Amino acid sequence: MIFLTMAAKEQIDNHFKDKVTSPIRIYLNHGCGGPRFALALDEPTDGDEVVEDGGYKFVMEKELFKQASPLTVDMSPMGFVVQSEMELGGGGGGCSGCTSCG
């Protein structure tokens, strides 16, 4: 199950107000702060679960979806945040050797 909060829906509505709506992929991103869920516009594949909420299609790799479900797409002061009960592990800490930390 994927839930879209009203705050997130408003932001997505605003993004697509003058564009063709496309599916939104939820994926696991690995960076200096450790793994976290992220969003990207993408088309579904045969290996994806497709879930609709708030008038939008969300796609996610089937096995990851089984492990992470239920998920909530929400907003934070830093942008979109995807919440799940799935344990993602700790961060890299200190960014030593990480090139994505500016």
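Let's start with the lining of the largest pocket. Ten names, in two runs. From the earlier part of the chain come Arg36, Phe37, Ala38 and Leu39. From later on come Ser76, Met78, Gly79, Phe80, Val81 and Val82. Keep in mind that this is a predicted model.

Which strands supply at least two residues each of that lining? Two do: β3, residues 34-41, and β7, residues 79-84. By class, the lining has seven nonpolar residues, two polar and one charged. The volume of this pocket is about 170 Å³. A general word on the approach. Empty space shows up when a probe the size of a water molecule is rolled over the atoms.

Now step back to the whole chain. It has 102 residues, and 28% of them are buried. The secondary structure amounts to two helices and seven strands. Read from the N terminus, the order is β-α-β-β-β-β-α-β-β. What about contacts along the sequence? Take those with a separation of 6 or more. Of these, 50% join residues 24 or more positions apart.

Next, the sheet that holds β3. It is an open sheet of four strands, in the order β3-β2-β5-β4, and the pairing is mixed. Which strands sit at the edges? They are β3 and β4, the latter spanning 48-53, and each pairs on one side only. On average, neighbouring strands here are turned by 35° against each other, direction ignored.

Helix α1 packs on this sheet. There α1 touches β2, β3 and β5, the last of these being residues 56-61. The direction of α1 makes about 105° with that of β5.

Look at the β2 and β3 pair. They run antiparallel, with eight bridges between them. Within that pairing, tyrosine 27 has alanine 38 of β3 as its bridge partner. We have met Ala38 already: it is one of the residues lining the largest pocket. So much for the strands.

Last stop, serine 22. Where is it? Serine 22 lies in the loop between α1, residues 6-16, and β2, residues 24-31. Is serine 22 buried or exposed? Buried, because its relative accessible area is 18%, and the cut-off for buried is under 20%. What does serine 22 contact, leaving aside neighbours within four places in sequence? Its partners are Phe16, Leu41 and Glu43. Phe16 belongs to α1, which spans 6-16. Leu41 belongs to β3, which spans 34-41.

That's my tour. Questions, please.

How values were computed: Residues are numbered from 1 along each chain as its sequence is written. This is a predicted model: local features need pLDDT of at least 70, side-chain atom pairs count only at pLDDT 80 or more; totals for chains, interfaces and linings use all residues. Side-chain values use heavy atoms; hydrogens and water are left out. On a 1 Å grid over the protein atoms alone, a cavity is a set of points where a 1.4 Å probe fits but cannot get out, and a pocket is an open set with protein on both sides within 12 Å along at least five of seven lines; lining residues have an atom within 4 Å of a point. Grid points are joined across faces, edges and corners, and a volume is the space filled by probe spheres set on the points. Ala, Val, Leu, Ile, Met, Phe, Trp, Tyr, Cys and Pro count as nonpolar, Asp, Glu, Lys and Arg as charged, and the others, Gly among them, as polar. Buried means under 20% relative accessible area, exposed over 50%, partly exposed in between (1.4 Å probe, protein chains only). Contact means heavy atoms within 4.5 Å. Two strands pair if DSSP finds at least two bridges between them. Axes are lines fitted to C-alpha atoms, for helices over the stretch in contact, and angles run from 0 to 180 degrees between N-to-C directions.
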